[in-house]
Amino acid sequence: MSFLSSHRLHFTPLTPIHIGCNETYEPTNYVIEGTALYEFDPDTAIKNLPNVARKELLKIVSGKPNEEMLKQVQALFYQHRESLIAGSEHFFPVGDGVADLYRKRVGKAAQYEGRGKQVINNLEIERTSYNRANRKPMFPGSSVKGAIRTALLDSLNQGKPLSNDMKKKRGAAQNRGLQESLFDGMFDTDPMRLISVSDAH
């Protein structure tokens, strides 16, 4: 009997899911038009800008970096978004709320603090995990396996509070100790060592 077996799983998310990849879309490498986000390389984008816009951009960034500079660059990119879209390397749909928020805040202060100090909305968007070959979103297998592991540990624990000994531990030590106690030992008795989950598209 083989130790290896494979099963195809189908996930039906009950809520929106975001699994990050430690990358963000910066307002200098995307614009939103309609309900689509267009991604571009900043260097390529500058080449696609009309000559007048490039000169204006150079004038803006040649000054002292401050909040006003960021607003002006955002506004300039949005004003010339058609040129930037023409040189985009990828695009994908975004929700109506995201598109509306972008249009309302691009090139503007998000709010004001005491004494009229501006809080600039830099319009960063955290990227979800994606396949670098086709740039489509994906579920990393490690995240799916982690969710299964958490559910299994929660089931074994049955809502019991931490023991006094476990409360004395902190951070990773507490986490590791709790998992070892629930799985009754170390790595060689951990049932999750027998499971490998591939990335899902």
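The paragraphs below lead through a predicted model of a protein, from its overall make-up to its core, a pocket and several individual residues.

The protein has 201 residues, of which 27% count as buried, and its secondary structure comes to 8 helices and 7 strands. Among the contacts between residues at least 6 apart in sequence, 67% join residues that are at least 24 apart.

A convenient place to enter the interior is helix α2, which covers residues 51-61 and in which Ala53, Leu57 and Ile60 are buried. When the helix is viewed down its axis, the buried residues of α2 fall within an arc of 60 degrees, so they line one face of the helix. These buried residues pack against two other helices, α1 (42-48) and α3 (67-79). The face of α2 that is turned away from the buried side carries the exposed residues Val52, Lys55, Leu58 and Lys59, so that two lysines are found there together with a valine and a leucine.

From this helix the path leads on to the largest nonpolar core, which contains 25 residues and in which Tyr30, Val31, Ile32, Leu84 and Tyr102 touch the most other members. Both strands and helices contribute to this core, since β2 (30-33), β3 (36-39), α2, α3, α4 (81-86) and α5 (96-105) each supply at least two of its residues. The largest share, 5 residues, comes from α3, a helix against which the buried residues of α2 also pack. Leu84, one of the core residues that touch the most other members, can be followed further through its own contacts: residues up to four places away in sequence being set aside, Leu84 touches Val31, Phe40, Ala45, Leu49 and Phe77. Val31, one of these partners, is itself among the five residues named for touching the most other core members.

The second largest pocket offers another view of the structure, with a space of about 470 Å³. Its lining is made up of 23 residues, and those closest to the centre of the pocket are Tyr25, Leu37, Phe92, Val94 and Ile125. Several elements take part in this lining, with β2, β4 (90-93), α5 and β7 (125-128) each supplying at least two residues, and the largest share, 4 residues, coming from β7. By residue type, the lining divides into 14 nonpolar, 4 polar and 5 charged residues. Strand β2 and helix α5 thus appear in the pocket lining as well as among the elements that supply the largest nonpolar core.

Some residues that lie far apart along the chain are brought together around serine 198. Arginine 8, in the segment before β1 (20-25), is 190 residues away from serine 198 in sequence, yet their C-alpha atoms are 9.9 Å apart in space; with a relative accessibility of 73%, arginine 8 counts as exposed. Lysine 145, which lies in helix α6 (residues 141-157), is 53 residues from serine 198 along the chain, and the two C-alpha atoms are separated by 9.1 Å. Lysine 145 is partly exposed, with a relative accessible area of 25%, and, neighbours within four places in sequence being left aside, lysine 145 is in contact with Met192, Ile195 and Val197.

A further pairing involves leucine 178, found in helix α8 (residues 171-182). Leucine 178 and leucine 153 are 25 residues apart in sequence, with a C-alpha to C-alpha separation of 9.0 Å. Leucine 178 touches Leu162 and Met166, again without counting residues up to four places away, and at 28% relative accessibility leucine 178 counts as partly exposed.

Two residues remain to be considered for their backbone angles. Most residues other than glycine have a negative phi. Asparagine 22, in strand β1, has a positive phi near 60 degrees although it is not a glycine, and at 83% relative accessibility asparagine 22 counts as exposed. Arginine 135, likewise not a glycine, has a positive phi of about 65 degrees; its place is in the loop between β7 and α6, and arginine 135 is partly exposed, with a relative accessible area of 24%.

Conventions: Residues numbered from 1 in each chain as written. Predicted model: local features only at pLDDT ≥ 70, side-chain atom pairs only at ≥ 80, totals over all residues. Heavy atoms only, no water. Buried < 20%, exposed > 50% of the residue type's maximum accessible area, 1.4 Å probe, protein only. Arc of directions from axis to C-beta. Contact = heavy atoms within 4.5 Å. Core = buried A, V, L, I, M, F, W, Y, C linked by side-chain atoms within 4.5 Å. 1 Å grid on protein atoms, 1.4 Å probe; cavity = no way out; pocket = protein on both sides within 12 Å on 5 of 7 lines; lining within 4 Å. Points joined across faces, edges and corners; volume = space filled by probe spheres on them. Nonpolar A, V, L, I, M, F, W, Y, C, P; charged D, E, K, R; others polar.
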